[in-house]
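Reader: I'd like to go through the labels used for this model and hear what stands behind each one. Where do we start?

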There are 2 protein chains.
Amino acid sequence: MKVEVCFSPALFPCFENPEAVAVIVDILRASSAIVTAFENGAEKIIPVGTLDEAREYKAKGYVVAAERDGLIQDFADFGNSPFNFTPEAVQGRQIVYSTTNGTQAIRLASSCHAVAIGAYLNFTALCKWLTDSKRDVIILCAAWKNKFSLEDSVFAGAIVHHLLETGNFTTDCDSAKASLDLYLIARNDLMAYIDKAAQRHRLRKNKLDDVIGYCHTFDLARTVPVLENDYLTAYRD
Amino acid sequence: MKVEVCFSPALFPCFENPEAVAVIVDILRASSAIVTAFENGAEKIIPVGTLDEAREYKAKGYVVAAERDGLIQDFADFGNSPFNFTPEAVQGRQIVYSTTNGTQAIRLASSCHAVAIGAYLNFTALCKWLTDSKRDVIILCAAWKNKFSLEDSVFAGAIVHHLLETGNFTTDCDSAKASLDLYLIARNDLMAYIDKAAQRHRLRKNKLDDVIGYCHTFDLARTVPVLENDYLTAYRD
């Protein structure tokens, strides 16, 4: 099987492959938050692209998480911090979720055979799901308003590293090779490396950078969020 | 001043800045070929996007260089190898040039204040032109059919490295930081690093890889090709 990395939703048309499985990566913070929500017992997450859609769901009584540019929207129950998705807030509930970059990427990838959400938090479970799928893999970085993002690409490199090591995957994708090399530079001290990422500075400016360490911690969760029709649900091995 | 790197023409809308100067990078092989042509005395290069345009110019008696997917087009005088652009072939002449990725990128960047063509071959002259411009710099990688290309990104990293070292430039662009790190891995043995690039394999398959070493040689040329209206001309300090 092949593994490829797509650095931006705007480049996804170059990678489209209905037979492949896609992994959506938005490390800071949407994919880390979604994994946390399911690990804490959320039943279902409905990704919506626009704030208008999110507002409509809120009016119907749903729990709504919605942020733009890292900031919680006034009508929403909470924003994009994984720390919002506590067991008290999410257990057994359906959550509507709209973020700047993450939810658009999820919708885009829905042309693939299957879609999962990937984060350091569920790394081992995710890699097992990918290996078990026995299909080509496209890692779609949610990026920042379509611009390449360092923290997503480094994590993509971690997945590429693992999949190539299994011996079941190959790659002829330059983005996958670049991601792998960035991961190999970063892996001894992920936090130090990610300190230079633009998103790190955006979060710090808004005092939202308390989650960076958590979002770069391997394997706190065993859940793989997967897309089923138009919502996400939890896959556990 | 700021320096940014755009990994693909498809991402250029995220970077557009009419006050900035743009550098087009298509190391294998368009930007290396264009630099070589001017160094060998070409008077003017007219970049055209489509093969139909190139054919029309040919009918009017122009010298035409045209390739697609690395292969010379049957109506053209020559293709995309820098070795085609000898003094005998180009001196004092106007050349019409259409390539898979390079010429489209040039047209796209024409919204910027000024556009130059960058290659290892003219590295020092290019960096001086950029520094002298005293403007923000956008490095536009021509990429391969909009997919990230390793050899263009590594070269972008070489420019970023140089500009940051001058102390006159800063960057908050994740692509620039990633390019720089890839260049720092690659620089001790560029040829060995580039061996894994997809374009390296495409060229080898078509027996067109004789140019790789030449295209990764610093400072064989002192010319900076710059866009003037809708054609390229030679700038020499």
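Author: With burial: a residue is buried if 20 or more other C-beta atoms, placed from the backbone, lie within 10 Å of its own, exposed if 12 or fewer, and partly exposed in between. Bear in mind that this is a predicted model, where local features need pLDDT of at least 70 and side-chain atom pairs count only at pLDDT 80 or more, while totals for chains, interfaces and linings use all residues. Residues are numbered from 1 along each chain as its sequence is written, with chains lettered from A and ligands numbered from 1 in the order in which they are written.

Reader: Fine. What makes Lys207(B) count as exposed?

Author: Lys207(B) has 7 C-beta neighbours inside 10 Å, so it falls under the "12 or fewer" rule and is exposed. You'll find Lys207(B) in the loop between helix 9 (198-205) and helix 10 (212-215) of chain B. Its phi is near 55°, a positive value in a residue other than glycine.

Reader: And why is Asn146(B) called partly exposed?

Author: Asn146(B) has 18 other C-beta atoms within 10 Å, which lies between the two cut-offs, so partly exposed is the label. Asn146(B) sits in the loop between strand 8 (137-141) and helix 6 of chain B, and it too has a positive phi, about 75°, although it is not a glycine.

Reader: What about Asp195(A): why does that one count as exposed?

Author: Asp195(A) has 12 C-beta neighbours inside 10 Å, and "12 or fewer" includes 12, so Asp195(A) is exposed. Its place is the loop between helix 8 (190-194) and helix 9 (198-205) of chain A. The C-alpha atoms of Asp195(A) and Ile212(A) are 9.4 Å apart, with their positions 17 residues apart along the chain.

Reader: Which residues of helix 5 of chain B are buried?

Author: In helix 5 (residues 123-133) of chain B they are Phe123(B), Ala125(B), Leu126(B), Cys127(B), Trp129(B) and Leu130(B). Among the elements covering them are strand 7 (114-118), helix 6 and strand 9 (224-228) of chain B. Just after helix 5 of chain B, Lys134(B) takes a positive phi of about 50°.

Reader: How are those helices and strands assigned in the first place?

Author: They are DSSP runs, numbered from the N terminus: H or I over at least four residues for a helix, E over at least two for a strand. Chain A comes to 10 helices and 10 strands.

Reader: Why are helix 5 and helix 6 of chain A described as oblique?

Author: The axes of helix 5 (residues 123-133) and helix 6 (residues 150-166) of chain A come within 11 Å and cross at roughly 50°. Angles under 35 degrees count as roughly parallel, over 145 as roughly antiparallel, 65 to 115 as roughly perpendicular and the rest as oblique, so this pair is oblique. Residues in contact here, meaning C-beta atoms within 7 Å, include Phe123(A) and Leu130(A) of helix 5 and Ile159(A) and Leu163(A) of helix 6 of chain A. The contact residues divide into six nonpolar, three polar and no charged.

Reader: What makes the two copies of helix 7 roughly perpendicular?

Author: Helix 7 (residues 174-186) of chain A and helix 7 of chain B pack at about 80°, with their axes 10 Å apart. That angle is within 65 to 115, so they are roughly perpendicular. Ala178(A), Asp181(A), Leu182(A) and Ile185(A) meet Ala178(B), Asp181(B), Leu182(B) and Ile185(B).

Reader: How many residues does each chain give to the whole contact?

Author: Chain B gives 23 residues and chain A gives 23. On the side of chain B, the largest share, seven residues, comes from helix 7.

Reader: Last one: how do you know that chain A agrees with a compact globule?

Author: The globule rule is 2.2 Å times the number of residues to the power 0.38, with the radius of gyration taken over C-alpha atoms. For 237 residues that gives a value near 18 Å, and chain A has 16 Å, which agrees. Buried residues make up 55% of chain A.

Technical notes. Axes are lines fitted to C-alpha atoms, for helices over the stretch in contact, and angles run from 0 to 180 degrees between N-to-C directions. Two residues are in contact if their C-beta atoms, placed from the backbone, lie within 7 Å. Ala, Val, Leu, Ile, Met, Phe, Trp, Tyr, Cys and Pro count as nonpolar, Asp, Glu, Lys and Arg as charged, and the others, Gly among them, as polar.
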